[in-house]
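This briefing is meant to be read alongside the sequence and the coordinates. It moves from the overall fold to individual residues.

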Amino acid sequence: MDFWPFNKKPPSKEIAKQRLKLVLKYDRTGIPPNAVEEIKNAILDALKKFPFIEAEAISINISHDDLEKIEIEVPVKASK
């Protein structure tokens, strides 16, 4: 028995429901699932060409709830 409610894993039906929603969103937008990774890699490759950008700290997030936007955080190296 688990006394801590925040340690609970979501039930398998909730995980399956979230996965089904994601598949439906990809299907409705017409974007193949592997295209998202290709977009991420293309953006990373393009940004790595600039020496004033910290390429290791770039983060690219595509929300599974909202496939209509890609959020990119690009840190710039501080000049001294």
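The notes below take the overall architecture first, then the helices, the nonpolar core, an aromatic pair and a loop residue.

The model is a predicted one, and its secondary structure comes to 2 helices and 2 strands, which follow one another from the N terminus in the order α-α-β-β.

**Overall features**

- Of the 80 residues of the protein, 12% count as buried, and the accessible surface comes to about 7000 Å², with 57% of that area belonging to carbon and sulfur atoms.
- When contacts between residues at least 6 apart in sequence are considered, 33% of them join residues that are at least 24 apart.

**Helices**

- Helix 1 covers residues 12-29, and its 18 residues reach 26 Å from the first C-alpha to the last, close to the 26 Å expected at 1.5 Å a residue.
- Just after helix 1 comes G30, whose phi is positive, at about 80 degrees.
- Helix 2 comprises the 15 residues 33-47, for which a rise of 1.5 Å a residue predicts a span of 21 Å, and the 23 Å between its end C-alpha atoms agrees with this.
- The buried residues of helix 2 are A35, V36 and L47; viewed down the helix axis they fall within an arc of 105 degrees, and therefore line one face of the helix.
- As general background, an α-helix has 3.6 residues a turn, so residues three or four places apart point the same way.

**Nonpolar core**

- The largest nonpolar core consists of 5 residues, namely L47, I53, A55, I58 and I60.
- L47, which is one of the buried residues of helix 2, is in contact with I53, I58, I72 and V74 once its neighbours within four places in sequence are left aside.

**Aromatic pair**

- The count of aromatic pairs comes to 1; the rings of F50 and F52 have their centres 5.8 Å apart and their planes at 55 degrees, so the pair is tilted, neither under the 30 degrees of a stacked pair nor over the 60 degrees of an edge-to-face one.
- F50 counts as partly exposed because its relative accessibility is 39%, and F52 is likewise partly exposed, with a relative accessible area of 44%.

**A loop residue**

- E56 lies in the loop between helix 2 and strand 1, the latter spanning residues 59-62.
- With a relative accessible area of 76%, E56 is exposed, since this value is over the 50% cut-off.
- E56 and P75 are separated by 19 residues in sequence, while their C-alpha atoms are 9.2 Å apart in space.

Technical notes:
Residues are numbered from 1 along each chain as its sequence is written. This is a predicted model: local features need pLDDT of at least 70, side-chain atom pairs count only at pLDDT 80 or more; totals for chains, interfaces and linings use all residues. Side-chain values use heavy atoms; hydrogens and water are left out. Helices (H or I, at least four residues) and strands (E, at least two) are DSSP runs, numbered from the N terminus. The expected span of a helix is 1.5 Å times one less than its number of residues. Buried means under 20% relative accessible area, exposed over 50%, partly exposed in between (1.4 Å probe, protein chains only). The arc is that of the directions from the helix axis to the C-beta atoms. Rings of Phe, Tyr and Trp (its six-membered ring) pair if their centres lie within 6.5 Å; planes under 30 degrees apart count as stacked, over 60 as edge-to-face and the rest as tilted. A nonpolar core is a set of buried Ala, Val, Leu, Ile, Met, Phe, Trp, Tyr and Cys residues joined through side-chain atoms within 4.5 Å. Contact means heavy atoms within 4.5 Å. Accessible areas come from the Shrake-Rupley method with a 1.4 Å probe; for residues, only the protein chains shown count as cover.
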